[in-house]
Amino acid sequence: MFFPTPVLVAVVCILIVWLFKSADRSVERRKEEPRARAEAQPWVDEDLKDSTDLHQVEEDADEWQESEENVEHIPFSHTRYPEKEMVKRSQEFYELLNKRRSVRFISDEQVPMEVIDNVIKAAGTAPSGAHTEPWTFVVVKDPDTKHKIREIIEEEEEINYMKRMGHQWVTDLKKLRTNWIKEYLDTAPVLILIFKQVYGFAAHGKRKVHYYNEISVSISCGILLAALQNAGLVTVTTTPLNCGPRLRVLLSRPTNEKLLMLLPVGYPSKEATVPDLKRKPLDQIMVTV
């Protein structure tokens with residue numbers, strides 16, 4: 001009969017301990033990887049991620065996904081301008097948008113709601129993945145609600161500036177003289193909060209995929225900015241980091257909606273100033289092949 005020597009027993013025990021420790025280290029490394037990624041990008045807001053998942057499981061897709069194969073196609077109506085007028089219109093439109101600036105000093109003077117209706121209708125003309133139109137525009141005029149929004153944002157923004165954003169980001173913002181104090185959230189007569197719908201609901205109440213929802217809503221926001229400039233109103237684009245869930249609850253929005261952007265809208269105050277920034281010339285932003 002074989003009897004292990006004390007030395008052999010010791011070697012086996014050491015080997016077993018080593019194997020267990022190696023396994024534990026492997027588990028710890030896997031746990032640390034997501035944490036390390038989060039620490040490398042502390043500013044990442046879950047609400048700002050594009051949650052479109054082209055590989056997600058679509059339960060009973062054949063039953064509930066509404067088919068649009070039989071949508072009627074109609075003749076396209078198009079206005080074609082003479083070349084000189086095209087150049088003139090494109091130049092005038094560029095000059096109009098080139099005057100657009102991010103304005104943080106907004107008057108409390110009321111703006112016509114018909115104008116707000118029209119600019120949001122313009123934003124709603126944006127293209128979207130599979131024509132899902134995954135946007136919700138929440139217009140806030142109530143002073144108490146605006147102040148609650150300000151309280152939530154300033155509370156989170158102070159943490160953002162002090163901890164989450166990091167030294168470089170805060171340094172880059174110094175030239176804009178911006179901080180976590182957002183007085184315009186109280187003074188602006190209108191706040192427009194733009195939510196992306198990460199999924200919708202079909203007629204049978206089951207989830208419907210909203211393809212490229214963040215890209216679609218971002219295009220819509222660009223059109224909204226142009227429409228506001230065209231109407232003679234000012235705004236500043238804000239993306240309230242880590243405020244989305246609380247604002248969604250405050251505004252009674254469903255869980256499929258994630259805050260993408262907040263725009264305070266109004267007329268510029270008399271003492272409004274903007275930094276003297278220059279835009280890149282055409283040869284630095286366009287490549288012709």
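Two strands count as paired if DSSP finds at least two bridges between them. Keep that in mind as you work through this predicted model.

**Exercise 1: Get your bearings**

Work out how many helices and strands the protein chain has, and what share of its residues is buried.

*Solution.* Start with the elements: the protein chain has ten helices and five strands. Next, take the burial: of the 289 residues, 31% are buried. Then look at the surface, where the chain exposes about 19800 Å², with 56% of that supplied by carbon and sulfur atoms. Last, check the contacts: among those between residues at least 6 apart in sequence, 83% join residues at least 24 apart.

**Exercise 2: Follow strand S2**

Find which strands pair with S2, and in which sense.

*Solution.* Begin with S1, residues 135–140: this strand and S2 are antiparallel, with six bridges between them. To pin down the spot, look for Trp 135, which sits opposite Lys 196 of S2. Now go to S5, residues 257–265, which also pairs with S2 in the antiparallel sense, over eight bridges. Here a handy marker is Ile 192, standing opposite Leu 263 in S5.

**Exercise 3: Inside or outside?**

Decide why S2 can be called largely enclosed by the rest of the structure.

*Solution.* First, recall the cut-off: a residue is buried when its relative accessible area is under 20%. Second, sort the side chains of S2: Val 190, Ile 192, Ile 194 and Lys 196 point one way, while Leu 191, Leu 193, Phe 195 and Gln 197 point the other way. Third, check each set, and you'll see they are all buried. So eight of the eight residues in S2 (residues 190–197) are buried, and the strand is therefore largely enclosed by the rest of the structure.

**Exercise 4: Over to helix H8**

Say whether Ile 215 and Ser 218 are buried, exposed or partly exposed.

*Solution.* Both are easy to place: Ile 215 lies in helix H8, residues 213–231, and Ser 218 is found in H8 too. The cut-offs are under 20% for buried and over 50% for exposed, with partly exposed in between. Ile 215 has a relative accessible area of 46%, so it is partly exposed. Ser 218 comes in at 35%, so Ser 218 is partly exposed as well.

Now add the surroundings. Ile 215 joins Tyr 212 and Ile 219 in a nonpolar surface patch of about 280 Å². As for Ser 218, go back to Trp 135: the two are 83 residues apart in sequence, yet their C-alpha atoms are 9.5 Å apart in space.

Terms used:
Residues are numbered from 1 along each chain as its sequence is written. This is a predicted model: local features need pLDDT of at least 70, side-chain atom pairs count only at pLDDT 80 or more; totals for chains, interfaces and linings use all residues. Side-chain values use heavy atoms; hydrogens and water are left out. Patches are made of residues with over 30% relative accessible area and no salt bridge: like charges are joined within 9 Å, nonpolar side chains (Val, Leu, Ile, Met, Phe, Trp, Tyr) within 5 Å. Accessible areas come from the Shrake-Rupley method with a 1.4 Å probe; for residues, only the protein chains shown count as cover. A salt bridge is a side-chain nitrogen of Lys or Arg within 4 Å of a carboxyl oxygen of Asp or Glu. Helices (H or I, at least four residues) and strands (E, at least two) are DSSP runs, numbered from the N terminus. Buried means under 20% relative accessible area, exposed over 50%, partly exposed in between (1.4 Å probe, protein chains only). Contact means heavy atoms within 4.5 Å.
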